[in-house]
Every structure is written in C-alpha cells, then in structure tokens.
Amino acid sequence: MFYAHSLPDAPPSNWQTLESHLVMVAELAAQRAERFGMAEAGYVAGLLHDLGKYSAEFQKRLNGSKQRVDHATAGAVVAKERLGPLGHLLAYAIAGHHAGLANGRDAGERTPLAHRLEAELPALDPRWQQELSLPAQMRPPAHFTQRRERGFFQYAFLTRMLFSCLVDADFIDTENFYALHEKGVPHARGGGPGLGVLRDALNDYLAAFKTDSAVNRLRGEILTHVRTQAEKSPGRFTLTVPTGGGKTLASLAFALDHAIAHGMDRVIYVIPFTSIVEQNAAVFRRALGEYGDAAVLEHHSAFDSDAPRNRDSRDKLRRDSENWDAPIVVTTAVQFFESLFAAKTSRCRKLHNIANSVVILDEAQTMPLPLLRPSVAALDELALNYRTSVVLCTATQPALAETDDPECSFTGGLRDLHELAPCPQELYRQLERVTVRHVGTLDDEALRDELLATEQVLCIVNNRRHARALFEAIADQPGAYHLTTSMCAVHRRQMLAEVRQQLKDGQPCCVVSTSLIEAGVDVDFPRVLRAEAGLDSIAQAAGRCNREGKRHVADSEVLVFATANDEWAPPPELEQFAQVSREVLRSHGNDPLSLDAIDAYFRLLYWQQGDQALDRHDLLGLCDKGRLEGLPFETLEQKFRMIENTQRTVIIPFDEIARDAIRRLSWAESIGGIARDLQLYTVQVPRQGFAELERVGAIAAVEPDKFGEQFMVLINMDLYDERLGLNWNEPTFIRSERFII
C-alpha cells in the first residue's frame, strides 16, 4: 500500500492512501478548471502532482526516514513526455506545486524546470500505472482563442490558472484529511448567500432611495439603464459615469444581474487604494443588509480578520481570503494584478476563482503606465478565454480599446468594448458642477493670497515638502489644515473628520493637501486649487469641488496652476502627465474635463510613452522569447510590481490603541492581527531619511531578535507634529521644554 499523508499518532491503516489523495485532488482540480473549460487538464494535473510518492524512498520518509525526496518532478516528467504541449504546461504546474512556478530555462531562486526534468529521480513503482489512468493525448478546448501576437503569454497565463486549480485542490484535500482526523469534520469554507439572495437584498435597499432632486432622478435613470445591459453576452465593458452619478451601486447592481443571467460565480471589485477598498466594502455591506457581512470578502494588506468575531468566523475568513471563495470580493489593484503575474502558491491559489466572474475595475485609469500593456493583456485574456466579464469603471475612461483604425487604437488592447452608461457625453453635461481654468504660474506668496481670499478652499500640490511649506505659511489662520502621507492613517481620518465638520458648519476651512485627498475622499469645497498634473488627476481634484451640486457651476472654480519654485517641481513622470495636460488644454481649454478632452489626453499620453515604455520590463516579450520551454514565471513575478517600494515603514505610537498593539508584540503568540492593527499607524519614509532616523536613535525595532526590523517604531515623538505629521529631515530635534525641570 502506498500512502500520501501519515498521522503521527495513528497506525498506517488510518493514513491517507496515495490513490485516494491523487483521485480526490484530481476531482477537485477538475471542478475548478471546469470554470474555463479545462476540466480534463485539471484532472490530469491532480493525478500526477504527487506521482513521486510511488517510490520506496518517499514511503520510507513517511515512516520516519530523514532523507529528503523530490516527489513532484516525477509527475512533471510523465506529463511532458506523454501529453504533448499541454502536458509541458502541466509539467510547470506539477513541478512547482510546493515551491512555486519556476522559469523554464533561466536561473532563479527556484531550479528551472528544464534542470528538474533532467535530474535523477527515485524509481517509481509500476503500480501507479494500475491505479491511475491517463488520457492518450490532450488538446486545448475548442473555445480557447489564441492571439498570435501574444501566444506564449497566453500559454503562461493558462499554466498559472491550471496551477491555481491544482494547488487549491491539493491544499483543500490535505486540509480536510487532517481536519477530519482532528475534529471529525472538514473546515468550513466558502458558501455564503447566493447571488440571487444578494440581488433581492440590493433591490430592497435601492427601492428606499428617494428621487426628490434632479441629481437623484438622474442617478436612478443611470441605474435603470445600466441594469438593462446585464443580458449582454459576457465580455469587455466600460461604465463611464461622472463623479456623483452613483456608479458604485450601479456597477454592483449590473454585476449581480449579469452574473445571475450568465451563471457566473462571483463579483470581484478591484480598487486602486486601500482606503477606497474599505469605503466601498462598507457601502456594499450596508446595501446588502443582513447578508452583507457573510457575502463581502475584503482582501488587502490592512484588513483585520481578527476584528471582533468568534474564532471559527475569523478562521473561516482567513481561509476564504486564501482562495477568494466568496460571492463578492473587494480587493486592491496591487493584490489583483500581482496575483495574475505571480508564481508563488499562496498568491496563485485564488486565480481560478476569477474565472467565470464579473470583475469591476474601479478607477481604471490608475493602472501604472510601465505595466499597462501586460495589465491590459491579462484583462483581455480573462475575457477572451476564462468566461470573465471585465468592466472598466471610471469618470475618466482610459483609451484602451483596440480598433481597426491605427490612429485610435491601443496596441494589444480590448476589442468590442460595450458602454453600459446611457450616453456618457450627455451625462457629463447633466452632472457638470465646476468651472476649470488654468491661471498660469503662481509662486508661494501668490498661492497664499489665493488661499486666504476664500473662507473654504482646498489646495492640492504634488509633493509633501511643498504641502508642508504652504501650510506653514497659513498655519496661523483660523481653519487651516494640512493633509499628507507624513501622517498615519488614523491621524488623517481625525483631520478629515474635523474638515468635514468645518465645511458642514460653514466655518473657515483652508486645507493644503497632497494628492491623497483625491483617492475617494468625500469632501465638498466651493473652490479648489490644483498644481499641474495629469488631466485625470485634475478631474479627481474637481470631484472635491461642489461635490453635492448645491452651488452654481460658475461659482465653483477649479484653478490649475504651475509652480514658480523649481524646488516644488513634480518628478519626471508626473511632469510628463502635466505636459500632456497642457497640450490638451490648448485645444480643449473651454471644456477641459469633457470626454473628448479626456480621450485626447490618454491617447497623447500613450503615444508619447510608446509601446516599449508601457511594458517597461518587456514582460510580453519575455514570454515570446522564452517559447514553451522557457516560460519565465519567476522572472514575471519579480518584475511585475505595481508599486516600486523604495521606502521604509515607521510605526507611529499615535494613540493608546497603537501603543497597546506595540506592547502586545512582546508576548503575542500570533502577530497577524497586531500587524494589521498597526498598518493604520504607519508612515512611509524614504530610505535615506529612515537611515538617518535610525542613526540618531529616533526609531527602534520592537523585539529585533524575533522580528528583525519588521516593526520599527518612532521613539522620539518630538518629530511627529499634530498638524504636520512626521519630519525626518531634522531627526535630532527635541523640544526645548524637555530640558526644563
């Protein structure tokens, strides 16, 4: 008898047999791969993944031998030798089902597949051929559509999807075997209310909305029209609705209707910023009433799965986060896209649950330019071959359509895009709320005068140093506020709460901020000043002006300005965005936020960048050059980074909650929940500033023997100002009153 898993406290008769494990993993993997029509390939991957356990060496290991045994490569060898090109793809997945997908040929942290296939392996007992039955040959399903210009990218994508099915199935079956032994029942996973139940709950919520104003009536018309599009065949969609048009709930209603109409499994919301993830997840839970908590899985780095729930609920939430087994998933763009290019088992495990789903890409224009072409290729591939509907949802729609007109086509872009909103041009006119004009170059003195000329005004600039200097020039004025990423998130929330109250009460409120306030922050100013930036950023800034539409358009100004001080100049990438905006404003100055102006902005921006800059690391080219034998999985994972993080994290002991979490690090058995608590108290510091803070002893590691530099805490709180945040430029500063006895 051959075994897959042993039990230290039970005889071999209670162990899991190898045949049982392989067949069960095959069936589970087939169920997952059926979402994209590849059930047979999933089944074969499951049968072969632990083939090397049919060896005397591995069975001795189960009985206590310390000898390490490669039990994954044997199945990869069989798949490649017997099952043609598709078998070669399965070989990548089978060989990597523990350590992760490796490159085909090129060296990396993992041994390349080619080297593993040539290695000497333990002999297999011939019984495996009696217990397992493989097909004579394997072919991709008839529905699989190839795009000749990126065929090997598609092969890599398919491998990653099959890998996801395999590793999730393997985890589940192994987990169930041990859970049954320990508790008598498998762990709870997935489930939750059905999509039909959620749609009924949403309908009840929407029915309570009043159409007592022109804006609310228009929101109702948008919602109704968008929902009528749900019967359209799955594919690629845009939802172009100006700020204030109700696109968040309209997109949720469409997604549920569309998923139900076409037998899809779930809705996945992809949102650029963690703060908006939390905000939208809360909106969805509220809209889904009693089913909200059970239906909405929030998955991002700052989410606290240890928040007040019983232990079983917390454990299930963590398990569902591993593979996105929930009706509605709300996640970040970083989590979503980096998973689509990942090689590690933990990151890839969820991918099969993206297939046969509705994916809403909120603020679609925020995809980073250096990764734009591979990101769009991945979205297109999901729609083309994985039964996924992709919706680009934004007020400033990026020009990502591929057409037959080379002058108006994004290379390798999305074909057959269908707009869900009713006449976006007319919507823009109906929801127009501000007057935008460029006021030329302003030095800081002129900016100060502009800020003091209006009781309630918001000024957004391009870097933290400029925001700080400008705020210090008005700090003595009533209602002066400063918002910056030099403040921890909890501090910013407190400041924003004060700002909203000042605005509501009609009190003086002059806010100087970096662009962080454009990330879905709900504030409403009568006047906004915006340093030159991309036209999409200017549109986001305009969304903070006359947000509720209660003022006349002519009285709601968004003033765009160039900075006179070279010290405040934006970094080169932002400068290019600003330069493109200036060019577009020359021809669309009378209506700079019109859909035509936005379209012209993105087309010019992409043209100036060129195809090479839109795939900075040549990820698509690496796949093509690697061919089938050299698919670069590990390289893709290393190079696809949506955020090039050159900064270090400092924890601010801002309040008693933060201080208590820091204290708990010293004795806690599990730090996952504590780490999530502390996310809200962190500030990102440039490496040079971090080094200087460390040099002078202003920061120190908590329990460095256990955690290294994972938890670096600000010790000198004199460096953290209640109005300015953390100042790392003067790390030796100590208030003079410290020396008064």
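This tour moves through a predicted model, one selection at a time.

**Stop 1: helix 1**

Select residues 18-33, which form helix 1. How many ångströms should this helix span? At 1.5 Å a residue, its 16 residues should cover 22 Å, and its end C-alpha atoms are indeed 22 Å apart, so the expected and modelled values agree.

Now colour the buried residues of helix 1: Leu18, His21, Leu22, Val25, Ala26, Leu28, Ala29, Ala30, Arg32 and Ala33. In an α-helix there are 3.6 residues a turn, so residues three or four places apart point the same way. To see what covers the buried residues of helix 1, add strand 1 (3-5), strand 2 (16-17), helix 2 (39-48) and helix 8 (151-183), which are among the covering elements.

**Stop 2: serine 164 in helix 8**

Stay with helix 8 and select serine 164, which is found there. Is serine 164 buried or exposed? Its relative accessible area is 0%, so serine 164 is buried. Leaving aside residues up to four places away in sequence, serine 164 touches Cys348, Arg349, Lys350, Leu351 and His352; show these residues together with serine 164.

**Stop 3: the open sheet of 7 strands**

Next, display the open sheet whose 7 strands follow the order 5-6-4-7-8-3-9, with parallel pairing. In general, the strands of a sheet pair through backbone hydrogen bonds, either parallel or antiparallel. Which strands stand at the edges? They are strand 5 (296-299) and strand 9 (418-419); each has a single partner strand, so one side of each is left without a neighbour in the sheet.

Begin at strand 5, which pairs with strand 6 (residues 328-332) in the parallel sense over 4 bridges. Within this pair, select leucine 297 and, opposite it in strand 6, valine 329. Then add helix 15, which packs on the sheet and touches strand 4 (266-271), strand 5, strand 6 and strand 7 (357-362). The direction of helix 15 makes about 90° with that of strand 6.

**Stop 4: helix 15 against helix 17**

Keep helix 15 (residues 333-340) in view and add helix 17 (residues 372-385). These two helices pack at an angle of about 75°, with their axes 10 Å apart. An angle of 65 to 115 degrees counts as roughly perpendicular, which is why helix 15 is described as roughly perpendicular to helix 17. On the side of helix 15, the contact is made by Phe336, Phe337 and Leu340, and on the side of helix 17 by Ser375, Ala378, Leu379 and Leu382. How do the residues of this contact divide by character? There are 6 nonpolar, 1 polar and no charged residues.

**Stop 5: two residues with positive phi**

Most residues other than glycine have a negative phi. Two selections depart from this pattern. Arginine 387 lies in the loop between helix 17 and strand 8 (389-394), and has a positive phi of about 55° although it is not a glycine. Its relative accessible area is 37%, so arginine 387 is partly exposed.

Cysteine 423 is found in the loop between strand 9 and helix 18 (424-430). Although cysteine 423 is not a glycine, its phi is positive, at about 45°. With a relative accessible area of 48%, cysteine 423 is partly exposed.

**Stop 6: the open sheet of 6 strands**

Move on to the open sheet of 6 strands, ordered 10-15-14-11-13-12 with parallel pairing. Its edge strands are strand 10 (435-442) and strand 12 (480-483), each of which pairs on one side only. Neighbouring strands of this sheet are turned by 20° against each other on average, direction ignored.

Strand 10 pairs with strand 15 (residues 557-563) in the parallel sense over 6 bridges. In this pair, select arginine 437 and its bridge partner in strand 15, leucine 559.

Two helices may be added here. Helix 21 (residues 489-505) packs on the sheet, touching strand 11 (456-460), strand 12 and strand 13 (509-513), and its direction makes about 145° with that of strand 12. Helix 22 (residues 535-542) lies across strand 10, strand 11, strand 14 (527-531) and strand 15, running at about 160° to strand 14.

**Stop 7: alanine 661**

Finally, select alanine 661 in helix 27 (residues 656-664). Its relative accessible area is 1%, so alanine 661 is buried. Not counting residues up to four places away in sequence, alanine 661 touches Ile674 and Leu678. Leucine 604 lies 57 residues from alanine 661 in sequence, and the two are 49 Å apart in space, C-alpha to C-alpha.

Conventions:
Residues are numbered from 1 along each chain as its sequence is written. This is a predicted model: local features need pLDDT of at least 70, side-chain atom pairs count only at pLDDT 80 or more; totals for chains, interfaces and linings use all residues. Side-chain values use heavy atoms; hydrogens and water are left out. Axes are lines fitted to C-alpha atoms, for helices over the stretch in contact, and angles run from 0 to 180 degrees between N-to-C directions. Angles under 35 degrees count as roughly parallel, over 145 as roughly antiparallel, 65 to 115 as roughly perpendicular and the rest as oblique. Contact means heavy atoms within 4.5 Å. Ala, Val, Leu, Ile, Met, Phe, Trp, Tyr, Cys and Pro count as nonpolar, Asp, Glu, Lys and Arg as charged, and the others, Gly among them, as polar. The expected span of a helix is 1.5 Å times one less than its number of residues. Buried means under 20% relative accessible area, exposed over 50%, partly exposed in between (1.4 Å probe, protein chains only). Two strands pair if DSSP finds at least two bridges between them.
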